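Here is a short tour of one protein model. Have the sequence and the coordinates open, and let us start with one residue and work outwards.

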Amino acid sequence: MVDLKESLIDFFTNRVLMCAVFSWIIAQILKIFTSPQHREGVSFLRIVAGSGGMPSSHSAVVTAASFSCGIIYGFGSPFFAISAVIAVVVMRDAAGVRRESGKQAAAINQMSRELNKKKNFDMDLLTELLGHTPLQVFFGGVLGIIMAYLCQLWLFPMIFPPI
């Protein structure tokens, strides 16, 4: 039988997961300072909780998890290999498919605004900031690598018992 208390402790002391979460938090906080949207009337909460922008939180999360696996289990381990493949897929998706979807949303929103002016066409606007530029993905990846090393080699050894 699975012990709930032990499972919760394992969950909240999972070094790979905690590093990924910390990386997401740092990436989202950095968006406050790097995003021009805060000057355009977009709410603070939408910037912090939304997707898109500099740096890519998706890239930061997956690279932090992947490099954490490499640091803990070895860069030749299957854990690192699987997480690295997933990281590449997520990062490619962030700069490719999701970015193109954002461009399409912007075009549809522009058409909706034009129709609304001419024929009182009322339609909810689509989210435009979905994907990332390659530079945003790159810096998200760099942030994830830095966070992995900071978490696994400095922060976590002070907090958690040795593995």
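## Starting at Ala64

Which residues touch Ala64, once its neighbours within four places in sequence are set aside? The contacts are Cys19, Ala20, Ser23, Gly144 and Ala148. Please keep in mind that this is a predicted model.

## The nonpolar cores

Ala64 also belongs to the largest nonpolar core, which has 11 residues. Its other members are Met18, Cys19, Ala27, Ala60, Leu143, Met147, Ala148, Cys151, Phe156 and Phe160. Helix 2 (15-34), helix 4 and helix 7 (134-159) are the elements that each give two or more residues to this core. Helix 7 supplies the largest share, five residues.

Another core, of five residues, lies apart from this one; Val62, Ala87, Met91 and Val137 are among its members.

## Helix 2 against helix 7

How do these two helices meet? The axes of helix 2 and helix 7 come within 9 Å and cross at roughly 130°, so the two helices are oblique to each other. The crossing of helix 2 past helix 7 is right-handed.

On the helix 2 side, the residues that meet helix 7 are Arg15, Val16, Met18, Cys19, Phe22, Ser23, Ile26, Ala27 and Leu30. Helix 7 meets them with Leu143, Gly144, Met147, Ala148, Cys151, Gln152, Leu155 and Phe156.

## Confidence

The protein has an average pLDDT of 83, and 77% of the residues score at least 70. Among its elements, helix 4 (residues 57-73) has the highest mean pLDDT, 96, and helix 3 (residues 44-49) the lowest, 64. Where pLDDT is low, the predicted coordinates should not be read in detail.

Conventions: Residues are numbered from 1 along each chain as its sequence is written. This is a predicted model: local features need pLDDT of at least 70, side-chain atom pairs count only at pLDDT 80 or more; totals for chains, interfaces and linings use all residues. Side-chain values use heavy atoms; hydrogens and water are left out. pLDDT is the predictor's confidence in each residue, from 0 to 100. Helices (H or I, at least four residues) and strands (E, at least two) are DSSP runs, numbered from the N terminus. A nonpolar core is a set of buried Ala, Val, Leu, Ile, Met, Phe, Trp, Tyr and Cys residues joined through side-chain atoms within 4.5 Å. Buried means under 20% relative accessible area, exposed over 50%, partly exposed in between (1.4 Å probe, protein chains only). Contact means heavy atoms within 4.5 Å. Axes are lines fitted to C-alpha atoms, for helices over the stretch in contact, and angles run from 0 to 180 degrees between N-to-C directions. Angles under 35 degrees count as roughly parallel, over 145 as roughly antiparallel, 65 to 115 as roughly perpendicular and the rest as oblique. A crossing is left-handed if the near helix is turned anticlockwise from the far one by less than a right angle, and right-handed if clockwise.
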